[in-house]
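The exercises below ask you to read secondary-structure packing and burial from a model, each with a solution worked in steps. Please look through the coordinates before turning to the solutions.

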Amino acid sequence: MIAFVSGPVAAVTPSSAVVEVGGVGMLVHCGPSTLAALTVGEPAKLFTALVVREDSLTLYGFATDDERTVFELLQTASGIGPKVAQAMLSVHAPDTLRMIFMTGDEAALTQVPGIGKKGAQRLLLELKERLGPPSGAVPGQVQNGWTRAGLGSWRIQLLEALTGLGWSAREADDAVTAVAPLAAEQEAAGQTVQLGPLLKAALRTMKK
């Protein structure tokens, strides 16, 4: 297994980065928050997980070893592949996911695109004991769900989630603009802006 790659960043795309290792460019698929910290030409170290399929070898990269560990644990659940696991980490930080499973927060899991109510219920049963307790400070809990703290406004969080799912920066920006009135309604009502419903609404605009 390739535990990590380290070297200068040769290229960055909305969903991946190329890190030069010993003269070889390693293509690594990363989430939006990891990619945001990379700069072309600057050295970087990414913790990696190699996903082996009959017709492909795909390397996924993470800023921390903890993210890589959770990524691998999520895939031990039936029906969860690397793309869904990466989407879960794009919406929720590792310790937030641990808290979600500890508390049985079904609504927070359904914030992840591709996970419905029944899927969330099954995941809670399968993974509750596997992820363990939070290892550090849990990002801020909000009413009726969880949201990542430290990423700035809901706009930044939504942009990162959409680009992490493979949409271009332009497409993501257009979708964020389209759902802005929904966020404005929540803010006008004195509510905390919920990322999950906004993400689902943004994805619906992209499918049109």
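A residue counts as buried when its relative accessible area is under 20%, and this cut-off is used below on a model that is predicted.

**Exercise 1.** Determine which residues of helix H4 are buried.

*Solution.* Start from the extent of the helix, residues 94-103, and apply the cut-off: eight of the ten residues are buried, so helix H4 is largely enclosed by the rest of the structure. Then name them, which gives Pro-94, Asp-95, Thr-96, Leu-97, Arg-98, Met-99, Ile-100 and Phe-101. Finally, follow the chain just past H4, where Gly-104 takes a positive phi of about 65°.

**Exercise 2.** Establish in which order the five strands close into a barrel, and what packs on the sheet.

*Solution.* Tracing the pairings, which are mixed, gives the order S1-S2-S3-S5-S4, with neighbouring strands turned by 55° against each other on average, direction ignored. Within this order, S4 (residues 43-53) and S5 (residues 56-62) pair in the antiparallel sense over seven bridges, and Val-52 has Leu-57 in S5 as its bridge partner. Helix H2 (residues 65-74) packs on the sheet by touching S4 and S5, and its direction makes about 10° with that of S4. Helix H3 (residues 82-91), in turn, lies across S3, S4 and S5 and runs at about 10° to S5.

**Exercise 3.** Decide whether Thr-110 is buried or exposed, and find what Thr-110 touches.

*Solution.* First locate Thr-110 in the loop between helix H5 (106-109) and helix H6 (117-127). Its relative accessible area is 15%, which is under 20%, so Thr-110 is buried. Leaving out residues up to four places away in sequence, the contacts of Thr-110 are Ile-115, Gly-116, Lys-117, Ala-120 and Lys-200.

Terms used. Residues are numbered from 1 along each chain as its sequence is written. This is a predicted model: local features need pLDDT of at least 70, side-chain atom pairs count only at pLDDT 80 or more; totals for chains, interfaces and linings use all residues. Side-chain values use heavy atoms; hydrogens and water are left out. Two strands pair if DSSP finds at least two bridges between them. Helices (H or I, at least four residues) and strands (E, at least two) are DSSP runs, numbered from the N terminus. Axes are lines fitted to C-alpha atoms, for helices over the stretch in contact, and angles run from 0 to 180 degrees between N-to-C directions. Contact means heavy atoms within 4.5 Å. Buried means under 20% relative accessible area, exposed over 50%, partly exposed in between (1.4 Å probe, protein chains only).
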